[in-house]
Amino acid sequence: MTDRKLPDGLRPETLAVRTAVDKSQYGENSETLYLTSSFTQPDSELAARRFAGEEEGFIYSRFSNPTVASMEMRLAALEGMEAAVGTASGMGAILLMCLALLKAGDHVVCSRSVFGSTLKLIGTEFAKFGVETTFVSQTEVAQWKAAIRPSTRLLFAETPTNPLADVCDIRALADIAHESGALLAVDNCFCSPALQQPARFGADIVVHSGTKYLDGQGRVIAGALCASQELVTGKFVPVMRSAGISLSPFNAWVVLKGLETLGIRMEAQSLRALELARWLEAHPKVERVYYPALPSHPQHELAMAQQSGRGGAVLGFDVKAADADEARRKAFHVIDSTRLLSVTANLGDVKSIVTHPASTSHGRLTEAQRQAAGIRQNLIRLAVGLEHVEDLKDDLERGLGTL
């Protein structure tokens, strides 16, 4: 069956529900889940051409599957980029990017405020193979520029960061990267393309953990890289084909369906997060709130310009404490007093989530690394879902009100 071609100029909300591979001969309205490890070929000659990359066609689900392809097409369309490649997880996407672009002797400039596992992967694991990394301030553009070397191949940032919501100037970092012949990669996990499209500001690669808002209901693990067709087909897919960092068709299908409601979920969750952030900022037991949509945020104006005027659904806050021991005890008390919030380190779910970053997502870092990243013992992170915001306030007050 031949689909009617989608018209040009469609808006993101429409792309999120319509972009996919062509329908099968059965004309299904919901995209098909192709649970098969391989695809039969009509003859040996065509099989040879497809394996050689001379003709398009699905071969083996480790690197080519229609369901995965639909998810990749839809995500690339939402990011305003030419192509995407799905991976087994968000960290798998970062691993694939580094394997495809870096070699011994190359240099990376990376924000020191990125996710803890990203710090470990780039700074520790790739150092074993001769890749050097300089970690710089997320927000100080001058530090990024000063760190550039002749061997710099990649600049990497996430914006906003996890969990302090630091925002980088994507355009400024893109200019620095391109002036030095390097590429800029931006982790867009917290905003998703519903709020932010880093390519509009010059990013070459957009990294996603599909586990988070792209799925949106905490069901599967997934990741993706969005980039030019040249980078995806010339760099990323060949490595993924050999290394097997591939996305399963079932997980791709779940993310594909999640993308259909991404825009309305991010809008609703951002509104709830802003109201909760304002309430926390006025609370007598809270020292500081980290949320880009608050005017008190140091990069508020930049964030609103890059993030479609929204702050996203993740915020952090410090409880007031006299010292580190008291800080940890009080943070644990607030978390353990909740009855509604889910205590887990994931985010992106429609169920609101609370966690203590210093002992979970950033627990594998040294204390010095945590301090450098601004992760203190009194910090609590909230990923705001779709519950009624007054119920969320009541749940947090159980702990805050008894400190």
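Which residue is the bridge partner of Ser342 in β11? It is Ile353, and point 2 comes back to that pair. Here are some notes on this predicted model, in the order I would go through them with you.

1. Overall build. The protein contains 15 helices and twelve strands. Its radius of gyration is 22 Å, close to the 22 Å that the globule rule gives for 403 residues, so the protein is as compact as a globular protein of that length. The C-alpha trace spans about 75 × 50 × 35 Å along its principal axes. Of the 403 residues, 54% count as buried. Among contacts with a separation of 6 or more, 73% come from residues 24 or more positions apart.

2. The five-stranded sheet. Please take a look at the open sheet with the order β8-β9-β12-β11-β10, where the pairing is mixed. At its edges are β8 (286-290) and β10 (342-343), each of which pairs on one side only. For β10, the partner is β11 (residues 353-355), and these two strands run in the parallel sense over two bridges. Ser342 and Ile353 are bridge partners here.

3. A helix across the sheet. Helix α13 (residues 324-337) lies across four strands: β9 (314-319), β10, β11 and β12 (379-383). Relative to β9, α13 runs at about 130 degrees. Just ahead of β9, in the loop that follows α12 (300-306), sits Ser308. You may want to view its backbone: phi of Ser308 is near 55 degrees, a positive value in a residue other than glycine.

4. Strand β1. This strand (residues 83-87) is mostly covered, with five of its five residues buried. Both faces are covered: Ala83, Val85 and Thr87 are buried on one side, Ala84 and Gly86 on the other. β1 pairs with β7 (residues 223-227) in the antiparallel sense over five bridges. Within this pairing, Val85 stands opposite Leu225.

5. The loop between β4 and α7. I would spend some time on this stretch, which links β4 (152-158) to α7 (170-179). Two prolines in the loop, Pro160 and Pro163, follow cis peptide bonds. The bond from Thr159 to Pro160 is cis with omega near -5 degrees, and the bond from Asn162 to Pro163 is cis with omega near 10 degrees. Ala165 belongs to this loop too. Although Ala165 is not a glycine, it has a positive phi of about 60 degrees. Its relative accessibility is 4%, so Ala165 counts as buried.

6. Asp166. Still in the loop between β4 and α7, this residue invites a closer look at its charge. Where is the nearest side chain of opposite charge? It belongs to Arg288, 5.9 Å away, and Asp166 is buried yet has no salt bridge. Leaving aside residues up to four places away in sequence, Asp166 touches Ser113, Gln138, Thr139, Glu158, Thr159, Pro160, Thr161, His297 and Gln299. Pro160, one of these contacts, is the residue that follows the cis bond from Thr159.

7. Thr19. This residue is found in the loop between α1 (12-18) and α2 (44-51). Is Thr19 buried or exposed? It counts as buried because its relative accessibility is 9%, below the 20% cut-off. Beyond residues up to four places away in sequence, Thr19 touches Leu6, Ser70, Met73, Arg74 and Ala77. Thr19 and Ala77 are 58 residues apart along the chain, with 7.5 Å between their C-alpha atoms.

Key:
Residues are numbered from 1 along each chain as its sequence is written. This is a predicted model: local features need pLDDT of at least 70, side-chain atom pairs count only at pLDDT 80 or more; totals for chains, interfaces and linings use all residues. Side-chain values use heavy atoms; hydrogens and water are left out. Buried means under 20% relative accessible area, exposed over 50%, partly exposed in between (1.4 Å probe, protein chains only). Lys and Arg count as positive and Asp and Glu as negative; His and the chain ends are not counted. A salt bridge is a side-chain nitrogen of Lys or Arg within 4 Å of a carboxyl oxygen of Asp or Glu. Contact means heavy atoms within 4.5 Å. Two strands pair if DSSP finds at least two bridges between them. Axes are lines fitted to C-alpha atoms, for helices over the stretch in contact, and angles run from 0 to 180 degrees between N-to-C directions. The radius of gyration is taken over C-alpha atoms; the globule rule is 2.2 Å times the number of residues to the power 0.38.
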